[in-house]
Amino acid sequence: MYRAFFAGRPEGELEGCSPPAPTRVLESESPEGVVRKFLLPVPPPERLSGRELPEALETESVVIPMRGRHATTHTLCVSSQVGCAMGCGFCETAQMGLIRSLSPAEIVAQWWAATHSLGATIKNIVFMGMGEPLDNPGGVIGAIAALTDRRGAAVAMKNITVSTVGRIDGLLKLRERVVTDGWKRLNLAVSINAPNDEIRDSIMPINRAMPLGELVRVLEEWPLRPSGAICAEYVLIPGVNDKPEHADELAELLKNIRCCVNVIPYNPRRNSPWPAPEEASVDSFLARLEARGQFCKRRRTKGRDTMAACGQLGNEQIRGRKLVQVGLG
Ligand code: SF4
């Protein structure tokens, strides 16, 4: 796989390119099988002004079992950055700030480790680990090109999902690729998380630069394949975005986008100001969306006790949140 990725490079450049093995693997039980979070070493950036960093950094990835009717398959959640600059209030990774973006090879190494070190058969790959994928479009697009290469991992494009906070500049770059042959089946997930700008501003700083109205317009025109749909992710946070009227407003906001709302019960980050939602409130939010004609489903929570669940990745030793100014230019 690595050889396929480095194809065309001088042979000498391949030396020292063998993928790293996990430094730690944390396991937790879920109703569908064992969830495994693993960490891979990556070198720190040469410089990061004003920050004290450990000598070695780690990427975090999660192998998630998905029980089907006939067999259990695995989804691999990969990181595209170490840390993240987006500062979402509900997310553990945001507490680290952005340390650096990962190269295509460092992203592909996560698939390699899951497959060859952990022995997992990976069917799906989701860019939902640490980092905002469209803050690192070169790394992510390069990794997808390598992962779908038939000479290597040969992961089907339809089994890969890029999940973004809604960076419009990155979405426009990705769209240039998605309209080309071989890329049309790439899945897109967008973290909506709020029914209006006021709530979204309070939990997702990106919204102040790229508000919901602009994001919705881009999604309405997203080049979907005939049977395709965008995944609109909605982290349900008690007391923030979980009222019945929020479900109504959300359905209205998304009415012209072919999408499925994926309701994700909030997984508390360290020192979280909010608890996880009650089951009853998740159920009633879903029922309200359905009553408004919005196609929706809920994400089953897996790996919460090893901080491997959605929004819980991140190194608690590294704290230095520094937001990067995001503009449309
Ligand atoms: S939710 Fe995603 S984009 Fe937001 S801070 Fe966390 S990793 Fe970054």
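In the predicted model, strand E4, formed by residues 72-77, and strand E7, formed by residues 122-127, are paired in the parallel sense over four bridges. Within this pair, Leu76 is placed opposite Ile125 of E7. Both strands belong to an open sheet of ten strands with mixed pairing, in which the order is E1-E2-E3-E4-E7-E8-E9-E10-E11-E12. The edges of the sheet are occupied by strand E1 (24-30) and strand E12 (296-298), each of which has a single partner strand, so that one side of each is left without a neighbour in the sheet. From one strand to the next, the twist averages 25°.

At the E1 edge, the pairing is antiparallel: E1 and strand E2, which spans residues 33-42, are joined in this sense over seven bridges, and the connection from E1 to E2 is a hairpin through two residues. Arg24 stands opposite Leu39 of E2 in this arrangement. Strand E2 is in turn linked by seven bridges to strand E3 (residues 57-67), and these two strands also run antiparallel. Leu39 takes part here as well, with Glu60 as its bridge partner in E3. Leu39 is thus matched with Arg24 on the E1 side and with Glu60 on the E3 side.

Two helix pairs were examined in the model. In one of them, helix H2 (residues 104-117) and helix H3 (residues 137-147) have axes that come within 8 Å and cross at roughly 45°, and the two helices are therefore oblique to each other. The crossing of H2 and H3 is right-handed. On the H2 side, Pro104, Ile107, Val108 and Trp111 take part in the contact, where they meet Gly139, Val140, Gly142, Ala143, Ala146 and Leu147 of H3. Divided by class, the residues of this contact between H2 and H3 comprise eight nonpolar and two polar residues, with no charged residue.

In the other pair, helix H8 (residues 244-253) packs against helix H9 (residues 279-291) at an angle of about 40°, and the axes lie 9 Å apart. H8 and H9 are therefore likewise oblique to each other, and their crossing is right-handed. The contact is made by Pro244, Ala247, Asp248, Leu250 and Ala251 from H8, together with Phe285, Arg288 and Leu289 from H9. By class, the contact of H8 with H9 contains six nonpolar and two charged residues, with no polar residue. The contact of H2 with H3, by comparison, includes two polar residues and no charged ones.

The surroundings of the ligand were also considered. Twelve residues lie around the ligand, and of these Cys84, Met86, Cys88, Cys91 and Ala94 come nearest. The shell that these residues help to form is divided into seven nonpolar, four polar and one charged residue.

Technical notes. Residues numbered from 1 in each chain as written. Predicted model: local features only at pLDDT ≥ 70, side-chain atom pairs only at ≥ 80, totals over all residues. Pairing = 2+ DSSP bridges. Axes fitted to C-alpha atoms, helices over the stretch in contact; angles between N-to-C directions. Near = placed C-beta within 6 Å. Nonpolar A, V, L, I, M, F, W, Y, C, P; charged D, E, K, R; others polar. Parallel < 35°, antiparallel > 145°, perpendicular 65-115°, else oblique. Left-handed = near helix turned anticlockwise from the far one by under 90°. Contact = placed C-beta atoms within 7 Å.
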